[in-house]
Amino acid sequence: MPGKNPTVAIVIPALNAQAYIRETLQSVLALDYPVDSLELIVVDDGSGDNTASIVRMTMKGTAWRWQLVASKGKGPSAARNTGWRLSQAEWIQFLDADDLLAPSKLRVQLVNPATEDESVAVIYSPWQPWRQGTDGRWAGASGIITPSVASQALEDLMSENNFIATGSQVFRRRWLERMGGFDERRCLIEDVHLALRLAIAGARFVRVDSSKPLFFYRQVDGSQSRRDKAGFLKGVRDNTAMVQEHWETQAVGITTQQRMLLLAQYAQVMRGCRLLDVQLFDETLERVRALQPGWLPRNRRMVVWLSRLVGYRTTEGFALRWIALRRQMIGR
């Protein structure tokens, strides 16, 4: 890499994170990247616990440039925006207060020719979800996840099982400025919303491979996305509708491949929300029928058969009730 090391700001939004924030900060302090090219900004978003004092104790006496900023509980999007706007760094590493970085993450991602190409907005690498075992220890919940976003970035981002976790990326500051950062009205899957907006604007995403995951996402029980399932599904629907509206403005219209991607996302919403939010289900089903009249879910033979008898709306309600009953019967 020619010249100096790219400067990086690590931005951590934190809300009542005392159980995890120390380990998260320790993973930051363990980064093998020149400390004079780094800064840390923790945005305490109205915590009522010891989050702030743990941050001060952990960072006190280190060689890092760091600051702890108090916010007023405006949500993760606003907290992240507050953080990156306080920095002048060329690249921004967003990190949730309960997640972890591998020591080599920034060195591997930023010692790369892609940092010289201004069309590159995001550099990402393999990552791994973690779950806490009954013994209290955290370990990989699955294998390494290696997303792929190529020349058709928007289509790739819309593909199922191709999720790029926020912390697995670094973002070019100039692209964040161009996009205005995160949409502060959004508190769930706001990271996907930003990625989709970047892709719509023509930004490039570059994957830097690694034999080991460079980011570890802790799947914490009680997180907002798990508590507010209906809100999460509405976010998925809204993101999908945004992409649909963009594709509809293109000269060629929506392609067959794009229609299939949209239908798959809408189907995910309907499967999850039938018993949670009937209005959301009906609005989503209306969009699906406009895209493909007579649509029925693929690879669900019983659902298709029942839908032909009583309608898809009623069938999905039966299916969700049956799943809930089975879980109750087996104690899950």
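This report describes salt bridges, a buried arginine, one helix and two alanine environments in a predicted model.

## Salt bridges

The count of salt bridges in the model comes to 17. Three of them are set out below, each with its closest N to O distance and the relative accessible area of both partners.

| Positive residue | Negative residue | N to O distance |
|---|---|---|
| Arg-107, partly exposed (37%) | Asp-32, partly exposed (37%) | 3.0 Å |
| Arg-80, buried (3%) | Asp-96, partly exposed (26%) | 3.0 Å |
| Arg-237, buried (8%) | Glu-283, partly exposed (31%) | 3.2 Å |

The side chains of Arg-107 and Asp-32 meet in a salt bridge. This pair links distant parts of the chain, with Arg-107 in helix α4 (residues 105-110) and Asp-32 in the loop between α1 and β2, 75 residues apart.

Arg-80 is joined by a salt bridge to Asp-96. Because Arg-80 belongs to helix α3 (residues 76-85) and Asp-96 to the loop between β4 (91-94) and β5 (100-101), the pair ties together parts that are 16 residues apart in sequence. Arg-80 is buried, at 3% relative accessible area, whereas Asp-96 is partly exposed at 26%.

The salt bridge between Arg-237 and Glu-283 has its closest N and O atoms 3.2 Å apart. Arg-237 sits in helix α9 (residues 229-248) and Glu-283 in helix α11 (residues 278-291), so this pair ties together parts that are 46 residues apart in sequence. The pair also belongs to a network: salt bridges with shared partners join Lys-234, Arg-237, Asp-238 and Glu-283.

## A buried arginine without a salt bridge

Arg-197 is located in helix α7 (residues 190-200). What is the nearest side chain of opposite charge to Arg-197, and how far away is it? It is that of Asp-183, at 5.9 Å, and Arg-197 has no salt bridge although it is buried. The cut-off for a salt bridge is a nitrogen to carboxyl oxygen distance within 4 Å, so the separation of 5.9 Å from Asp-183 does not qualify.

The side chain of Arg-197 does have a polar atom 3.0 Å from the backbone oxygen of Gly-181. Beyond its neighbours within four places in sequence, Arg-197 is in contact with Met-179, Gly-181, Phe-182, Asp-183 and Met-242. Gly-181 and Asp-183 therefore appear among these contacts, Gly-181 through its backbone oxygen as well.

## Helix α2 and its buried face

Helix α2 spans residues 51-59, and its buried residues are Thr-51, Ala-52, Ile-54, Val-55, Thr-58 and Met-59. Viewed down the axis of α2, these residues fall within an arc of 165 degrees, so they line one face of the helix. The elements against which the buried residues of α2 pack are β1 (8-14), α1 (21-29), β2 (38-44) and β3 (65-70). Gly-61 follows α2 and has a positive phi, near 85 degrees.

## Ala-14 and Ala-97

Ala-14 lies in strand β1 and is buried, with a relative accessible area of 2%. Residues up to four places away in sequence aside, Ala-14 touches Val-42, Val-43, Asp-44, Asp-45, Ser-47, Thr-51 and Ala-97. One of these contacts, Thr-51, is listed among the buried residues of α2. The C-alpha atoms of Ala-14 and Arg-80 are separated by 9.7 Å, although the two residues are 66 residues apart along the chain.

Ala-97 is found in the loop between β4 and β5, the loop that also holds Asp-96. At 7% relative accessibility, Ala-97 counts as buried. On the same terms of sequence separation, the residues that Ala-97 touches are Ile-12, Pro-13, Ala-14, Ala-17, Tyr-20, Ile-21 and Thr-24. The C-alpha atoms of Ala-97 and Asp-44 lie 9.9 Å apart, with their positions 53 residues apart along the chain.

## Cysteines

How many disulfides does a search of the whole structure find? The search finds zero. Cys-187 is partly exposed, at 31% relative accessibility, whereas Cys-273 is buried, at 0%.

Terms used: Residues are numbered from 1 along each chain as its sequence is written. This is a predicted model: local features need pLDDT of at least 70, side-chain atom pairs count only at pLDDT 80 or more; totals for chains, interfaces and linings use all residues. Side-chain values use heavy atoms; hydrogens and water are left out. Helices (H or I, at least four residues) and strands (E, at least two) are DSSP runs, numbered from the N terminus. Buried means under 20% relative accessible area, exposed over 50%, partly exposed in between (1.4 Å probe, protein chains only). Lys and Arg count as positive and Asp and Glu as negative; His and the chain ends are not counted. A polar contact is a pair of N or O atoms within 3.5 Å; within protein, one must be able to donate a hydrogen and the other to accept it, and residues adjacent in sequence count only if both atoms are side-chain atoms. Contact means heavy atoms within 4.5 Å. A disulfide is a pair of cysteine sulfur atoms within 2.5 Å. The arc is that of the directions from the helix axis to the C-beta atoms.
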